[in-house]
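Welcome, and thank you for taking this tour. Please have a look at the chain below before reading on, and then we can walk through some of its features together.

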Amino acid sequence: MSGLNRLSSEKAQALAEGLVIPAHPLALDANRKLDERRQRALTRYYAASGAGGIAVGVHSTQFEIRDKGIDLYEPVLRLAAEEVERAKLERPFIMVAGVCGPTEQAVDEAHIARNLGYDAALLSMGGLSDLSEEDILKRTEQIASIMPVIGFYLQPSVGGKIFSFDFWRQFAEIPNIVAIKMAPFNRYQTIDVVRAVCYSSRRDDISLYTGNDDNIIIDLLTTYRFHVDGQIVEKPIIGGLLGHWAVWTSKAVELLEEIKQVRGGAIAPEWLIRNVEVTDSNAAFFDPAHQFHGCIPGIHEVLRRQGLLKGIWCLNPNETLSPGQSEEIDRVCRDYPHLNDDDFVKEHLNDWLAE
């Protein structure tokens with residue numbers, strides 16, 4: 001254990017107290033080449049918004065950054081690391097690197113991230129249908145020997161797979177697992193993860209984060225309670241690592257702080273209304289009406305309207321807004337003006353775009 005690359009005590013405490021961690025998008029120009037100026041501006045936006053970290057090289061950053069001939073994985077991680085260093089933040093800020101693919105690829109990516117100063121790997125288990133649960137546990141152990149790991153339960157509809165309760169119980173016992181992001185978009189599977197962690201000897205070492213974009217506020221308000229070996233064990237979902245929080249981020253920070261104040265007490269009915277508003281907004285951004293085809297362009301479109309991005313271009317030219325999606329974004333912007341941070345972005349945009 002002593003030889004593991006661990007989170008600092010300050011960052012571990014911040015992670016355990018609950019953070020807003022946006023999934024960082026990729027800024028491209030009209031030629032689908034990296035727009036370094038706007039890529040840096042996005043990182044500056046998240047740092048200034050009060051977020052507690054960022055996740056780079058994840059789905060929102062586009063998996064194609066790893067493709068031969070594109071080769072943007074290391075450059076994009078490096079740009080974000082440089083901007084966070086330049087910001088000289090006075091609060092803990094956790095740098096999370098998306099790590100995916102077969103074991104050899106995942107190991108290579110973890111080494112790149114660690115060498116760039118990243119704190120933890122968000123370890124995707126998508127696209128590994130040929131691996132057994134035991135194989136995936138071994139793969140996780142290898143990555144956790146390189147750097148701290150945030151587990152990731154990805155919804156099956158976008159490439160994830162369903163895992164057993166026993167898998168998650170064994171997963172939680174792996175040293176250097178510091179958190180699990182739950183994004184199965186399924187109550188049963190979310191409960192499986194929380195219950196497994198509660199049954200684990202490492203329950204106090206693992207923070208639970210929501211990735212369930214369809215239920216963000218309710219996840220963050222909920223404390224789970226289970227009977228474990230004759231005692232009652234409680235565990236909250238303490239923060240979020242979300243593509244949804246790549247937009248309107250300063251408002252997300254305000255939201256989480258407000259939730260922390262009411263968590264564990266009487267919950268006003270107003271919170272149920274707010275949960276629906278956030279979920280409705282997410283539906284416009286993430287495009288579940290078309291099997292999430294427009295989820296990345298949807299995030300880009302919100303950032304484009306605010307001036308942070310120049311366009312909604314993706315590395316895959318087939319990724320664009322779905323029919324009617326722009327109108328849906330119009331609607332939620334109009335119906336829920338209290339959820340956006342347009343004024344905050346407008347106030348600081350020129351500074352963030354400065355060379």
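Let us begin with a pair of strands. β8 and strand β9 (residues 231-242) run antiparallel to each other and are paired over 6 bridges. Keep in mind as you look that this is a predicted model. Two of the partnerships are easy to pick out: F226 has V233 as its bridge partner in β9, and Y224 is matched with K235 in β9. In the hairpin that β8 and β9 make, 2 residues sit between the strands, and D229 takes a positive phi near 50 degrees.

Strand β8, which covers residues 223-228, also has two faces to compare. Y224, F226 and V228 make up its covered face, while T223, R225 and H227 belong to the uncovered one.

Staying with β9, you can follow its pairings to other strands. Strand β1 (residues 20-22) pairs with β9 in the parallel sense, over 3 bridges. Here V20 stands opposite G240 of β9. Strand β7 (residues 207-210) is also paired with β9 in the parallel sense, again over 3 bridges. In that pairing, L208 has I237 as its bridge partner in β9.

Next, turn to the aromatic side chains. Searching the whole structure gives 13 aromatic pairs. In one of them, the ring centres of Y153 and F163 are 5.9 Å apart and the planes meet at 65 degrees, so this pair is edge-to-face. The two partners are 10 residues apart, with Y153 in strand β5 (residues 149-154) and F163 in the loop between β5 and α6 (165-172). Both Y153 and F163 are buried.

Another pair is made by F165 and Y199, whose ring centres are 5.7 Å apart and whose planes are at 90 degrees, so this pair is edge-to-face. F165 belongs to helix α6 and Y199 to helix α7 (residues 187-199), so the pair ties together parts that are 34 residues apart in sequence. How buried or exposed are these partners? F165 counts as buried because its relative accessibility is 16%, whereas Y199 is partly exposed, with a relative accessible area of 23%. Finally for the aromatic residues, Y153 and F163 join F167, W168 and F171 in one aromatic cluster.

Now compare two residues in other parts of the chain. Q39 is found in helix α2 (residues 36-48). With a relative accessible area of 1%, Q39 is buried. Which residues does Q39 touch, leaving aside its neighbours within four places in sequence? Its contacts are H24, P25, L26, A27, L34, V76 and L79.

P102 lies in the loop between β3 (94-99) and α4 (103-115). P102 counts as exposed because its relative accessibility, 51%, is over the 50% cut-off. When neighbours within four places in sequence are left aside, P102 is in contact with L128 and R139. From C-alpha to C-alpha, P102 and R139 are 8.3 Å apart in space, although 37 residues separate them in sequence.

The loop between α10 and α11 (295-306) is another place to stop, and D287 lies in it. Some background helps here: most residues other than glycine have a negative phi. D287 has a positive phi, near 65 degrees, and is not a glycine. F292 likewise lies in the loop between α10 and α11, and F292 has a positive phi of about 65 degrees although it is not a glycine. D287 counts as buried, at 3% relative accessibility, and F292 is buried as well, with a relative accessible area of 16%.

Our last stop is an open space in the structure. The second largest pocket has a volume of about 260 Å³. It is lined by 16 residues, and those closest to its centre are K251, A252, L255, H338 and L339. Which elements give two or more residues to this lining? They are α9 (249-262) and α10 (270-286), and α9 gives the most, with 5 residues. By type, the lining of the second largest pocket divides into 8 nonpolar, 3 polar and 5 charged residues.

Notes. Residues are numbered from 1 along each chain as its sequence is written. This is a predicted model: local features need pLDDT of at least 70, side-chain atom pairs count only at pLDDT 80 or more; totals for chains, interfaces and linings use all residues. Side-chain values use heavy atoms; hydrogens and water are left out. On a 1 Å grid over the protein atoms alone, a cavity is a set of points where a 1.4 Å probe fits but cannot get out, and a pocket is an open set with protein on both sides within 12 Å along at least five of seven lines; lining residues have an atom within 4 Å of a point. Grid points are joined across faces, edges and corners, and a volume is the space filled by probe spheres set on the points. Helices (H or I, at least four residues) and strands (E, at least two) are DSSP runs, numbered from the N terminus. Ala, Val, Leu, Ile, Met, Phe, Trp, Tyr, Cys and Pro count as nonpolar, Asp, Glu, Lys and Arg as charged, and the others, Gly among them, as polar. Buried means under 20% relative accessible area, exposed over 50%, partly exposed in between (1.4 Å probe, protein chains only). Two strands pair if DSSP finds at least two bridges between them. Contact means heavy atoms within 4.5 Å. Rings of Phe, Tyr and Trp (its six-membered ring) pair if their centres lie within 6.5 Å; planes under 30 degrees apart count as stacked, over 60 as edge-to-face and the rest as tilted.
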